[in-house]
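Q: Could you take me closely through one part of this structure, the small sheet and what packs on it, and then set it beside the nonpolar cores and a pocket?

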Amino acid sequence: MSSYKVLDINDDLPIRTKGAVHSGKVRSVYWLTDEDSARLITDKQYDVPHGTELAIMVISDRISAFDCIWQGENGLNGVPGKGIALNSVAAHWFKLFDDAGLAGNHIVDIPHPYVWIVRKASTVKVEAIARQYITGSMWRDYSKGVRNFCGIDLPEGLEANQKLDDVLITPSTKGIITGIADVPAVDDVNITRKNITDNLAAFNFNTEQDVAKYEQLLSEGFALISDELAKLDQIFVDTKFEFGYVEQQDGSQKLIYIDEVGTPDSSRIWDGSAYRDGKIVENSKEGFRQLLINNVPDSDVLLNKDRMTEREALAHGYKLPVDVMMSVSDTYVGIASKIVGRPLKIPADPRAEVIAILDTDYGLII
């Protein structure tokens, strides 16, 4: 697989847009012109109201961890197959959510494994996190004596990586929320349910009933994925969902799933057989995080938010060996192939394929 090109830069494709490209850590979003949105809705018969804004969302093969992008040696600035693995897994779960009668999602079309066409949603400013095991940051805090997480009290005597009696919903902020007394104005801080219900507008919820609705959708989605992974002897440890509102054909607002769900980037997934033997084998990005912690000169730089400047400098100059990047690729492609039930086909030149399809089949290339 090392002969494949990775799609590391995904915000410079020659797609006709009506504004600047929004580039996140992994995905870039190209908002289409109103004319192109209207044309595609009609030509492709998308089930969205006329006037809906559409965007091309292109995933990259970049890998982020600890809020930084990491590179490999020899110009391998991404993980081969990672983008396709994430998109394939998320689309698989979204389809099962649809089949199970859960809420819809923001994807209206999948032109290519690296590309989604999505509809505009009004994003809820909550990272909806569910946890079935105590591990990661929760365990680090628990081991230091913390017992209250997002307003939920945990009992004494828990051990690392132990299964919890209930799936816990432990939300955090999505973006910076200002003007709330006990919520620091920084991204990704833990919040309580009461923080949300007392400040609906700040978190972009329409009603208090919608807070209960997101919790229901999070719990149902978590249970579905957990049950499906169990069939593969994989453990769904914890995950992050995101939600937003879209306008329906009758003009009403509906809460839906957005971003991605149940992927190795947004979730921890453990091998069931290894867990029963007392070992943790990560089939998610957590393995890459642990690899970084164990290999950088000073792991506190990665774990201490007060050392962000040093962390960014480290990530900029640090180059991971090619065999490490390829082992991460094996993890992503391996778990994705298991989940979707077929080997993933990884294109030799994803950029060229994406441009060709968006030009020939969608008329969006300038």
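A: What follows begins with the sheet and then turns to the cores and the pocket. The model is a predicted one, and in it 3 strands form an open sheet of mixed pairing, in the order β4-β5-β17. Its edges are β4 (63-65) and β17 (319-320), each of which pairs on one side only. Strand β5, residues 68-72, runs parallel to β17 and pairs with it over 2 bridges, and Lys319 in β17 is the bridge partner of Gln71. Packed on this sheet is helix α7 (residues 286-295), which touches β4, β5 and β17 and whose direction makes about 65° with that of β4.

Turning to the cores, the largest nonpolar core has 97 residues, and Trp70 is among those with the most contacts inside it, along with Ile56, Phe205, Tyr214, Phe243 and Tyr257. Helix α10 (residues 322-340) gives the most to this core, contributing 10 residues. Leaving aside residues up to four places away in sequence, Phe205 touches Val124, Val126, Ile196, Leu200, Asp210, Val211, Tyr214 and Tyr245. A second core, separate and of 8 residues, includes Ile134, Leu158, Leu164 and Leu168.

As for the pocket, the second largest one holds about 380 Å³ of space and is lined by 21 residues, with Asp47, Gly104, Asn105, Ile107 and Arg119 lying nearest its centre. At least two residues of that lining come from each of α2 (82-99), β6 (107-112), β14 (234-247) and β15 (253-258).

Notes
Residues numbered from 1 in each chain as written. Predicted model: local features only at pLDDT ≥ 70, side-chain atom pairs only at ≥ 80, totals over all residues. Heavy atoms only, no water. Pairing = 2+ DSSP bridges. Helix = DSSP H or I, 4+ residues; strand = E, 2+ residues; numbered from the N terminus. Contact = heavy atoms within 4.5 Å. Axes fitted to C-alpha atoms, helices over the stretch in contact; angles between N-to-C directions. Core = buried A, V, L, I, M, F, W, Y, C linked by side-chain atoms within 4.5 Å. Buried < 20%, exposed > 50% of the residue type's maximum accessible area, 1.4 Å probe, protein only. 1 Å grid on protein atoms, 1.4 Å probe; cavity = no way out; pocket = protein on both sides within 12 Å on 5 of 7 lines; lining within 4 Å. Points joined across faces, edges and corners; volume = space filled by probe spheres on them.
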